[in-house]
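Student: Please take a close look at how the charged side chains pair up here. Then tell me what sits around them.

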Amino acid sequence: MQTIDTKQLAELGEQATVIDVRERDEFSEVRIPWASNVPLSELTDRVDEVPEDGPVYLICAAGVRSERAAAYLEQQGKPVVNVLGGMSEWAGSGFTVERD
C-alpha cells in the first residue's frame, strides 16, 4: 500500500484528488477545502465515485479508516494512497482547513 504524509500532501496542494472517508458529521466539522467525502460506511455502495485515474489520496481522522479504505479500493483496482496521520496531523500542522 502506498502512503504519503500530510506535509507531502500539502505540497501537492489542490491538484491532489483527496477523498475523506470520515463520517459526514466529522467531515462537516473540519476538512481539507478541496476534499470530497465518501464515508467508509458508504464506500462499497459509492465505489464508482472514486476516480480510476489516480492517484487518489485517502484521509480520515488518524489513518486507520483510510488504511482500510485503501486496502478495499486497491482490491477494486483503484489507484489510491493512504495519508498517514490523517486530519489530526493535517490540522495540527496548521495546514488549511475549512469548517462549518
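Tutor: A salt bridge here is a side-chain nitrogen of Lys or Arg within 4 Å of a carboxyl oxygen of Asp or Glu. One caveat up front: this is a predicted model, where local features need pLDDT of at least 70 and side-chain atom pairs pLDDT 80 or more, while totals for chains, interfaces and linings use all residues. Numbering starts from 1 along each chain as its sequence is written, and side-chain values use heavy atoms, leaving out hydrogens and water.

By that rule you get 9 salt bridges. Let's start with R31 and E98, whose side chains come to 3.0 Å, N to O. This pair ties together distant parts of the chain, 67 residues apart: R31 is in the loop between α2 (24-29) and β3, and E98 is in the segment after α5. (Helices, H or I of at least four residues, and strands, E of at least two, are DSSP runs numbered from the N terminus.) The two ends sit in unlike settings, because R31 is buried at 9% relative accessible area while E98, at 32%, is partly exposed. (Buried means under 20%, exposed over 50%, partly exposed in between, with a 1.4 Å probe and protein chains only.)

Now try R22 and D20: their closest N and O atoms are 2.7 Å apart, and both residues are buried.

E49 and R46 bridge as well, at 2.8 Å, N to O. Here E49 is partly exposed at 45%, whereas R46 is buried at 18%. That bridge isn't on its own: through shared partners, R24, E42, R46 and E49 join into one network.

As for the greasy surroundings, the largest nonpolar core (buried Ala, Val, Leu, Ile, Met, Phe, Trp, Tyr and Cys joined through side-chain atoms within 4.5 Å) holds 14 residues. L9, V18, I32, Y57, I59, V83 and M87 have the most contacts inside this core. The elements giving two or more residues to the core are β4, β5 and α5 (86-92). Zoom in on V83 and, leaving aside residues up to four places away in sequence, you'll find that V83 touches I4, D5, T6, L9, Y57, L58, I59, G63 and S66, a contact being heavy atoms within 4.5 Å. There's also a second, separate core of 13 residues, with L43, V47, V56 and A70 among them.

Two of the contributors named above, β4 and β5, belong to an open sheet of 5 strands with parallel pairing, in the order β1-β5-β4-β2-β3 (strands pair if DSSP finds at least two bridges between them). The edges are β1 (3-5) and β3 (36-37), each pairing on one side only.
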